[in-house]
Amino acid sequence: MKNWIELLSEFESKRQPVALITVTKCSGSAPCVVSSRMLVTEDKTIYGTIGGGKLEFKAIDEAIIALKENRIIESSYTLGPDFAQCCGGKVEFIIEPMNQSPELFLFGAGHIGTEIANLLVDTPFKVKLIDSRPHWFAEFDIHESIDQCQVKENDFKTFRDAVTWGQHCYVLVLTHNHAIDFDVVAMALEHETKYLGLIGSKTKKARFNNMLIKEMNIKEGIKNVVCPIGLPIGGDTPKEIAISVVAQLLQVHYSPVEK
């Protein structure tokens, strides 16, 4: 068995969600000790043990819930007849979902885009700022923690490969070019995202909707795209718009998972 730091590092490098179960308290006769640990993946593969039996089965089921709802769970079980175990102790443990931080892929390093990226520093979001204009990032003061990605405008594959698609993927589209905006939105609708937002007017939204239906054969059109982006809190400067967008992203992230 590799040590826990190595295992967690491997899962992190693969961006694979995993739940870490740690026994925090034992009393009486119990099949484990304090600090016993176990990792559980989304397909219920386990690494390590907290004692086996029904206690472990319960912990695995709760770990799957923690992963699905992306929340920490604290549990306490009294062992005995209910578990079909002869030991009568009590075990407490904490389950922590790992590698489920939201990732924002922000297409367009303009005034609003860079404001959004900088405002998200020190929040749960990992941010990748993406632009196709040569040497463009040098024009702005961008926080060092923000990943800057230069893509090739004449090689659209680089746009697709810049994104890690999935249930923790957030995409914002606010480039300097409406044609690029449309292509990115159409591309994103073919992949899994938690949030897909497009900056634009009612006219742009209607035009994109028609193009998605007629040209891309996407029956839902722009239905699954947030447009306009941001909460309606007022203000029209780049900073104020960015604040409204960041508020919306955090609202989506922290909203309870529907059961």
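Start with the second largest pocket of this predicted model, which has a volume of about 290 Å³. To find this pocket in the viewer, select Arg-15, Asn-99, Ser-101, Glu-103 and His-168, since these are the residues that lie nearest its centre among the 14 that line it. If you then colour the lining of the second largest pocket by class, you should find 3 nonpolar, 7 polar and 4 charged residues.

Turn next to the enclosed space. Rolling a probe the size of a water molecule over the atoms shows where empty space is left. How many cavities of 30 Å³ or more are there? The count comes to 1, and the largest cavity has a volume of about 50 Å³. Select Phe-107, Gly-108, Ile-130, Asp-131 and Ser-132, and then add Phe-159, Thr-175, His-176 and Ile-180, to show the residues that line the largest cavity. By class, this lining divides into 4 nonpolar residues, 4 polar residues and 1 charged residue.

The tour now moves to pairs of helices. Two packed helices are described by the angle between their axes and the distance between the axes. Select residues 111-119, which form helix α3, together with residues 238-254, which form helix α7, and you will see two helices that pack at an angle of about 50 degrees with their axes 8 Å apart. Angles from 35 to 65 degrees fall between roughly parallel and roughly perpendicular, and so α3 is oblique to α7. The crossing of α3 and α7 is right-handed. To look at the contact itself, show the side chains of His-111, Ile-112, Glu-115, Ile-116 and Leu-119 in α3, which meet Pro-238, Lys-239, Ile-241, Ala-242, Ile-243, Val-245 and Val-246 in α7. Sorted by class, the contact of α3 with α7 has 9 nonpolar, 1 polar and 2 charged residues.

For the second pair, select helix α5, residues 178-188, along with α6, which covers residues 202-214. The axes of α5 and α6 come within 11 Å and cross at roughly 55 degrees, which means that α5 is oblique to α6. Here α5 passes α6 in a right-handed crossing. On the α5 side, the contact is made by His-178, Asp-181, Phe-182, Val-185 and Ala-186, while Lys-204, Phe-208, Met-211 and Leu-212 contribute from α6. The contact of α5 with α6 has 6 nonpolar, 1 polar and 2 charged residues.

Two details of the backbone complete the tour. Most residues other than glycine have a negative phi, and most peptide bonds are trans. With that in mind, select Cys-227 and Pro-228, which are joined by a cis peptide bond with an omega of about 5 degrees; Pro-228 lies in the loop between α6 and α7. Where is Lys-44 found? Lys-44 is in the loop between β2, residues 37-41, and β3, residues 46-48, and its phi is near 70 degrees, a positive value in a residue other than glycine.

Note on methods:
Residues numbered from 1 in each chain as written. Predicted model: local features only at pLDDT ≥ 70, side-chain atom pairs only at ≥ 80, totals over all residues. Heavy atoms only, no water. 1 Å grid on protein atoms, 1.4 Å probe; cavity = no way out; pocket = protein on both sides within 12 Å on 5 of 7 lines; lining within 4 Å. Points joined across faces, edges and corners; volume = space filled by probe spheres on them. Nonpolar A, V, L, I, M, F, W, Y, C, P; charged D, E, K, R; others polar. Axes fitted to C-alpha atoms, helices over the stretch in contact; angles between N-to-C directions. Helix = DSSP H or I, 4+ residues; strand = E, 2+ residues; numbered from the N terminus. Parallel < 35°, antiparallel > 145°, perpendicular 65-115°, else oblique. Left-handed = near helix turned anticlockwise from the far one by under 90°. Contact = heavy atoms within 4.5 Å.
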